[in-house]
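Here's a quick tour of a small set of features, starting with a pair of facing residues. Have the model open while you read.

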Amino acid sequence: MPPLHFLISKTLQRSQRDFLVFALRQSVEGAEYSILTSTDLSQGDLNQWTVLDANFPAAAGGNITTFTETDLPLDTSKRFYVIQRVGR
């Protein structure tokens, strides 16, 4: 399966709570995606990563899906993501 491409569109701060919005390009309508995050790329085993959503649904009627991560810790200086399609 080809890699998924995503674009971090904006990081905003509101009421001392950071949140991140990104768009998953080339998503497949009806598919579900697992979204993982880590602050440390040395955690090569994805089982050590934090699962933000295990079954995030792709947007209907298009090939771009957006995801918003809320309540990022205020001291977060870097964050990495892995997005995997769940099932087939």
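## A facing pair in the sheet

This is a predicted model. Start at Ser34, which stands opposite Gln84 in β6. The strands behind that view are β3, covering residues 32-38, and β6; they run antiparallel, with seven bridges joining them.

Zoom out and you get an open sheet of three strands, paired antiparallel in the order β4-β3-β6. Why do β4 and β6 each have one side without a neighbour in the sheet? Because β4 (50-57) and β6 (80-86) are the edge strands, each with a single partner strand. From one strand to the next, the twist averages 20°.

## Arg85 on β6

Strand β6 also holds Arg85. Buried, exposed or partly exposed? Arg85 has 30% relative accessibility, so it counts as partly exposed.

Now look across to Asn55: Arg85 and Asn55 are 30 residues apart in sequence, and their C-alpha atoms are 8.8 Å apart in space.

## The salt bridge

How many salt bridges does the structure hold? Just one. Glu69 pairs up with Arg79, and the closest N and O atoms are 2.6 Å apart. The pair links distant parts of the chain, ten residues apart: Glu69 sits in strand β5 (residues 64-72), while Arg79 is in the loop between β5 and β6.

The two partners get their own burial labels. Glu69 is at 5% relative accessibility, so it counts as buried. Arg79 comes in at 24%, so it counts as partly exposed.

Methods: Residues numbered from 1 in each chain as written. Predicted model: local features only at pLDDT ≥ 70, side-chain atom pairs only at ≥ 80, totals over all residues. Heavy atoms only, no water. Pairing = 2+ DSSP bridges. Helix = DSSP H or I, 4+ residues; strand = E, 2+ residues; numbered from the N terminus. Axes fitted to C-alpha atoms, helices over the stretch in contact; angles between N-to-C directions. Buried < 20%, exposed > 50% of the residue type's maximum accessible area, 1.4 Å probe, protein only. Salt bridge = Lys/Arg side-chain N within 4 Å of Asp/Glu carboxyl O.
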